[in-house]
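The report below describes selected local features of one protein model, moving from its surface to its sheets and loops. Please keep the sequence and the structure in view while reading.

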Amino acid sequence: MSPGTYVGVWWELQRRHTTWTEGPRHGATTERVKRYIDLAREAGASSVLAEGWNTNAGGDWTGQDFLTPRADFDLAEVLRYAQANGVGFTAHNETRGFVDYYEQHLETIFARYAELGIHSVKTGYATKFVLGGVNRSHFDQEAVRHYQRVVETAARHQIMIIAHEAIKPTGLARTYPNMMTGEGVAGMEQHNYMGRLGNPPEQATILPFTRFMGGPADYTPGVLNVTWDPAGLGTRVQTTSAAQLALYSVFFSPLQMLADTPENYHSHPGFAYLKDMPASWDETRFLDCVIGDYTVAARRKGHTWYLGAITDEYDRTLRLPLRFLGRGRYTAEIYSDAADTSWHDNPLPIDVRTETVRASTVLKLKLVAGGGTAIRFRRVRS
């Protein structure tokens, strides 16, 4: 596998629409994961994550072996269907504090994954971190050594790692390129659990100049139905939908999640922007930034540029010269907050329009509080 976007059974679990545990609302069933494989094919995503696929995931998380699927999850069929659609499978390994067991069986787990053709693993260390019989900090020396051993073992078996609840980005990916990304930031989960008490919009304007300086991070953006609350949790994502699109240029992760559900994507016009979204780049430029206020970033893949502009809790109008574009004309596909978009009261509407621009063009971006603009610039062939 290589850098790319991924989708999967995750946000619906966070929002308690489905469950990690077996039962009538289990999320990672064979048919449900196939639905995400279809989404991955449509979106041009490289892999599908399934949390809750393995025996005893969820609940008290005891007795997991990371190799035996649930009764309603046919691993062989999922892998067959994924391969037939050109999509990889990302196995979720949530230790939930039982790190000793995981480390003792790590070689066996990863060797079997390699035999099955599974080349991507999302590790997890939610709640406590018990290693060597000691309940440790996630950031003490032995914990850091464990993360290192996981990456090294995965490298021997040609497996990529997405590490959650692990140490912050430290540049390790420069030595171990299979260490693709790690959580390392207060990402979308904080929106899920805490709502207005979680991440304020200004946080996203700061992260590129703090945590992301150490390496890539898995913020898990792309939640377009930001008000979706199927379980009545009373929380929601603290941005507009357009701002979620803009994060793909602002944040860097060579495995970048499209975090929303198939149903939410198919009912939202912003999904078109995410199709075939790159996750590795040929060039990056931060064009206009005031840390804590607003950030504008542009990234190039081949001849196509992707631009994201986000703002904090205040409305802004930015003048954006397009001097970074090459010669000739470009078609700018612009996804912005609509005239009636409001971060608190009406965050879903997106205005989609197309303009022909050049390097000499200056765009005027109107950003509502908590909002953003995402633009794809495609070079026009003469």
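## Surface patch, strands and loops

Tyr-193, Met-194 and Leu-197 make a nonpolar surface patch of about 350 Å². Such patches are made of residues with over 30% relative accessible area and no salt bridge, where like charges are joined within 9 Å and nonpolar side chains (Val, Leu, Ile, Met, Phe, Trp, Tyr) within 5 Å; a salt bridge here is a side-chain nitrogen of Lys or Arg within 4 Å of a carboxyl oxygen of Asp or Glu. Accessible areas come from the Shrake-Rupley method with a 1.4 Å probe, and for residues only the protein chains shown count as cover.

The model is predicted, so that local features need pLDDT of at least 70 and side-chain atom pairs count only at pLDDT 80 or more, whereas totals for chains, interfaces and linings use all residues. Residues are numbered from 1 along each chain as its sequence is written, and side-chain values use heavy atoms, with hydrogens and water left out.

Within the patch, Met-194 lies in helix 7 (residues 188-194), helices (H or I, at least four residues) and strands (E, at least two) being DSSP runs numbered from the N terminus. Met-194 is partly exposed, with a relative accessible area of 37%; buried means under 20% relative accessible area, exposed over 50%, and partly exposed in between (1.4 Å probe, protein chains only).

Is strand 3 (residues 88-94) mostly covered or mostly open? Seven of its seven residues are buried, with Gly-88, Thr-90, His-92 and Glu-94 on one side and Phe-89, Ala-91 and Asn-93 on the other. In a regular strand the side chains alternate between the two faces of the sheet.

Strand 3 is joined to strand 2 (residues 47-50) by four bridges, and the two run parallel; two strands pair if DSSP finds at least two bridges between them. In this pairing Leu-49 stands opposite Thr-90. From strand 2 the chain passes through helix 3 (residues 75-84) to strand 3 in a right-handed β-α-β crossover, a handedness assigned if, with the strands pointing away from the viewer, the path from the first strand over the helix to the second runs clockwise. Strand 3 also pairs in the parallel sense with strand 4 (residues 120-124), over five bridges, and His-92 stands opposite Lys-122 of strand 4.

An open sheet of six strands, paired antiparallel, follows the order 10-11-12-17-14-15. Strand 10 (283-290) and strand 15 (350-357) are its edge strands, each pairing on one side only. Strand 14 (residues 330-337) and strand 15 run antiparallel and are joined by eight bridges, and Ser-336 of strand 14 stands opposite Asp-351 in strand 15.

Three loop residues count as partly exposed, as the table sets out.

| Residue | Loop | Relative accessible area |
|---|---|---|
| Asn-56 | between strand 2 and helix 3 | 35% |
| Arg-96 | between strand 3 and helix 4 (99-104) | 27% |
| Phe-252 | between helix 9 (241-250) and strand 9 (255-257) | 28% |

Most residues other than glycine have a negative phi. Asn-56, although not a glycine, has a positive phi of about 70 degrees, and Arg-96 likewise has a positive phi, near 50 degrees. For Phe-252, the C-alpha atom is separated by 8.4 Å from that of Pro-208, a residue 44 residues apart from it along the chain.
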